[in-house]
Amino acid sequence: YCPYLSAIINEMEPMKTSIIILFSLLIVYDLNGQTSIEKDNSVQKIEGYSNLFRYQNFYLGGQPTIEELRWLKLQGVTRIINLRSEEENKVYSDYAYNEKSIAEESGFEYINIPVDGTKDYTAEKLEEVSNKLSTNDKILLHCNSAGRVTTFFMAYLIKSRGFTINKAVELGKKLKYSNPLEQLLGIEINMEVSKDGFKNNK
């Protein structure tokens, strides 16, 4: 029996307890924080709101109401990316509310990247949207009814997150993506990238 060793062990007990508690807290954070965001690959339909979905740290949907903005704020959303055109925003502001003003007054970072018809379905526009999506912060990406959002988000997943086209389509179908040809033929169509791949792909 060594009294000196016993005294050292006794002094270390509180330290061991503190280390165990700290380690446990780190595990809890890991399970409930960013790691869970990375592992959660399901698409959640937000009940009670029209065309609002959640995937990882992204909320994807149509034009939000003021009530939706309040709810999203409570969920921790910090950035709003609006894909509606300037004309759409003006018309909506005239009969409903000015989204930019309300969003900024509520503490959101508000970004408008107008997608006005197929002329705006460009690589440059996708890069602009993707740059604003590349964060672990919670984001609302919206348009009018989630159609443009679905298309751009699928393209983002393919170009920036390494999704195959078929995997992105599978996710998109849980949002607002549909292929009328599949409906007409009653079959599922698989898509692949050509052997040359994407132009200027890094």
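**Strand β6 and its sheet**

Me: In this predicted model, which residue of β6 is the bridge partner of I81?
Reply: Strand β4 covers residues 77-82 and pairs with β6 in the parallel sense. The two strands share 5 bridges. For I81, the bridge partner in β6 is L141.

Me: What is the bridge partner of L60 in β6?
Reply: Strand β3, residues 58-61, also pairs with β6. Their pairing is parallel and runs over 4 bridges. In β6, L60 has as its bridge partner L141.

Me: How many residues of β6 are buried?
Reply: Strand β6 spans residues 138-142 and is mostly covered. Buried means under 20% relative accessible area. Of the 5 residues in β6, the number buried is 4.

Me: Which strands stand at the edges of the sheet?
Reply: The sheet is open, has 6 strands with mixed pairing, and follows the order β1-β2-β3-β6-β4-β5. An edge strand here has a single partner strand, so one side of it is left without a neighbour in the sheet. The strands at the edges are β1 (43-45) and β5 (109-112).

Me: What is the average twist from one strand to the next?
Reply: The strands follow one another in the order β1-β2-β3-β6-β4-β5. From one strand to the next, the twist averages 20°.

Me: At about what angle does helix α3 run to β4?
Reply: Helix α3, residues 66-74, lies across β2 (52-55), β3, β4 and β6. Relative to β4, helix α3 runs at about 140°.

Key: Residues are numbered from 1 along each chain as its sequence is written. This is a predicted model: local features need pLDDT of at least 70, side-chain atom pairs count only at pLDDT 80 or more; totals for chains, interfaces and linings use all residues. Side-chain values use heavy atoms; hydrogens and water are left out. Buried means under 20% relative accessible area, exposed over 50%, partly exposed in between (1.4 Å probe, protein chains only). Two strands pair if DSSP finds at least two bridges between them. Axes are lines fitted to C-alpha atoms, for helices over the stretch in contact, and angles run from 0 to 180 degrees between N-to-C directions. Contact means heavy atoms within 4.5 Å.
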